[in-house]
Structure formats: C-alpha cells, structure tokens
Amino acid sequence: MHDGSGRIVVQNLSKRFGAVNAVQDLSFTVEPGSVTGFLGPNGAGKTTTLRMLLGLVTPTSGVATINGRPHSQLGNPARVVGSVLENEGFHPGRTARNHLRVYAAAIGVPDRRADEVLGLVGLGSAADRKAGGFSLGMRQRLALATALLGDPQVLVLDEPTNGLDPEGILWLRNFLRSYAREQRRTVLVSSHLLNEVEQLIDQVVIISQGVTRYYGPLEQLRRGQQSRVLVQPADPAALVKALQEQGVQQVSPTPDGRVAVAGSSVQQIGDVAAKAGIAVYGMQEEHADLERMFFQLTQGQYAGGQAGYPPPQYQGPPPGYPPQQFPPSGPQQQQQYPPSGPQQQQYWGGPQR
Ligand SMILES: Nc1ncnc2c1ncn2[C@@H]1O[C@H](COP(=O)(O)OP(=O)(O)OP(=O)(O)O)[C@@H](O)[C@H]1O
Ligand SMILES: [Mg+2]
C-alpha cells in the first residue's frame, strides 16, 4: 500500500515522443501543506509530466510517485489524488449534479458528496444546470469539483486559472491555500504564466524544454530579485570612479549617459557624489521583477528545437540565479537563496538594455 505521506516525488523523469524530448531528467519533490506551482512556457513538458504522474503516459525513464507509489499501485487512486487535466470534457446534456453523481458512483462515494463538492467550488446554485451551457470558468470549477469527489490527499491541476476571471482566481487562491495549509494536503498546479499563479503558490518548479530551471520556495526566488539605482550625474565617468574608490563595485555606465549602481542605497550614492563634488540631476530605483526572471530562466524554449541539451541559447541561469542541484532527495535540498556575490555585478553590469 501507499505510505499516506501526501508526497509527490518526480525522479529523473524523461519522456520522448519520437524525436521530441518532451521531458528530460526532471526531478522535484512536492510536500503536503503548501501549494506548488509547476511553471514553464508552452510546450515545456508540464502536461506530459502531470500525465506521467497520473499514470496516463508511460515514462521513457525515471519514476513519478504519489505517496511512495506509482499511480497504478495506489489502490483506489481517486481517494488519494484528484486531478484536472487540459481539455476535460463533460457530457453537455448532463446537469452538474448528475455529472458528479456518475463519477461519485464510479469511485464509490455516496451521492450526497456531489452536492458537497458543488458547494465547495461555489456552484451550488448551478447544480441543476446542464454542463454544456457552462462558461469556461464554470467548467473549471466543475472539473475541480470532480477532482474533489474522493476527498483526495493530493490535488494535481493543469492550468486551473485558464478561463477564470480575477474574482475566480482570487477564489481559487483562497480555496487551494486553505485546502493545502489548513488540511495539510498537497497541491500541485501548472501554469505557463507566473503572474497568474504568483499569489497562489508557495513553492515553484520552473521548467523549460523538459528540464528544471529552478526549484524552491517562491519567497527565495523573490528575495533573489535585485534592485539597482540609475543615477543621472553631470559627469558619469567621475561618479563611477568616485563610487569605486568608496568600495562600491557594482557600478556601470549605461548607454544613455547614466550610471547603474547595484547594492547601494540612494542615500549612499548621493553622499559619495556630494563628497566628490559631482552634481546629480536625478536617481531612480528599479526592481527586477519576478516575471522578468521567469522569462530569463525559460528563454530559448523555441530557439533551437528540442534535440539539444542544454538548449543552444541557454547560457546558464541569469546571473545570481544558479540552478537547483539534482536530484533532490527531500525538502532539505531545496535551493538556497538569495544569491549574492560577484554575479550580481554581471547582472546589472554592461550595456544590456
Ligand atoms: N502525445 C504526444 N505525441 C507527440 N508529442 C507530444 C505528445 N504530447 C506532448 N508532445 C510534445 O511534448 C512537448 C511538451 O508538451 P506538453 O503538452 O507537455 O507541454 P506543456 O508544458 O503542457 O505546454 P502548454 O503550456 O502549451 O500546455 C511538446 O513539444 C509537445 O508537442
Ligand atoms: Mg499543457
């Protein structure tokens, strides 16, 4: 039998479809009590990975387990894992309640559970409406209700925010968070848009071309974000020199005549400029946002086809964001952030923009 841990383990998982390496040596662990985002651009291998986890696709190599077992060995899997994958169909002429009752019977839960889960996903008032007339967002909710029928310990949702309006996303976030945190369940949600799930997730696994680019708490990725100050001085070269003389190393002139400084505050820079007698006409603080980092971590997805690894355009992670060491054997090996050191200079240095 399974170990009841609620843990998802993906280890050295690969899937090849003919010439396409959809997933390559992917490893990560998802623990109960938090919501994990599984992120990557279109075609990155998210759905393929989730399908392998759910026993719908046979891996070329590697393993994916839930509660220590492959899906096929879970006994009554609907009691352990509920899932919503892409393009789930409903019988259009069936009411939401009847749809759920059919599934409830199939997994051996009582009929009344249909109304319970409709209430949970906010579709109670639409129980007698035909699913064929549902909006995309309502269909997402009905699919989630179906996944919840067996009161599963683990929830796996593929792009659950698709079709949801902002209110729906907020609702989903609150629902999944309390499902994961208060009830100590495991929730894994995929998305190709970081900003759609950013508010929803605690941990993140970022993949591109079937390969892991980052794996760890979202908070650490956030803390790894850097800021810089753009200074507009009367004499850029003199300011660079003055700052360097004061030990500020992460300094570089920009093509538009300004000076980019990382690792120093506006006040520190202002003091150095004043002491050196350099007039400053303006200073602007800039933050590297999470979205840009996601883009940098996953860029190159379409640049060179699927065959090569590392992808031709992949120059390693963006400076300051080293990749996770694999394979992980538990949560203690999650990546440690924030990064620091000389790489930061590279990140902001030079005429990159
Ligand atoms: N059954 C299949 N036969 C052949 N190729 C496939 C099959 N399923 C997936 N692929 C290929 O595997 C790669 C990964 O596809 P996958 O659907 O897993 O990506 P995804 O990350 O879910 O993308 P999206 O964000 O668009 O949903 C793609 O190149 C896709 O064309
Ligand atoms: Mg997909």
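**Close-up views of a predicted model**

**View 1. Strands E1 and E4 run antiparallel and are joined by five bridges.** E1 covers residues 8–17. The model shown here, as in every view, is predicted. One pairing is easy to find: Ile-8 has Ile-66 of E4 as its bridge partner.

**View 2. Three strands make an open sheet with antiparallel pairing.** The order across the sheet is E2-E1-E4. Strands of a sheet pair through backbone hydrogen bonds. Which strands stand at the edges? They are E2 and E4 (61–66). Each has a single partner strand, so one side of each lacks a neighbour in the sheet. On average, neighbouring strands are turned by 20 degrees against each other, direction ignored.

**View 3. Helix H1 packs on the sheet.** H1 spans residues 46–53. The helix touches E1, E2 and E4. Its direction makes about 120 degrees with that of E1.

**View 4. Twelve positions to look for around ligand 1 are listed here: Phe-17, Val-20, Ala-22, Gly-40, Asn-42, Gly-43, Ala-44, Gly-45, Lys-46, Thr-47, Thr-48 and His-192.** By character, the shell divides into four nonpolar residues, seven polar and one charged.

**View 5. Strand E2 and helix H1 both contribute to the shell around ligand 1.** E2 runs over residues 20–30. Each of these two elements supplies at least two residues of the shell. Which element gives the largest share? H1 does, with three residues. The same helix packs on the sheet, and E2 is one of the edge strands of that sheet.

Conventions:
Residues numbered from 1 in each chain as written. Chains lettered and ligands numbered in written order. Predicted model: local features only at pLDDT ≥ 70, side-chain atom pairs only at ≥ 80, totals over all residues. Near = placed C-beta within 6 Å. Helix = DSSP H or I, 4+ residues; strand = E, 2+ residues; numbered from the N terminus. Nonpolar A, V, L, I, M, F, W, Y, C, P; charged D, E, K, R; others polar. Pairing = 2+ DSSP bridges. Axes fitted to C-alpha atoms, helices over the stretch in contact; angles between N-to-C directions. Contact = placed C-beta atoms within 7 Å.
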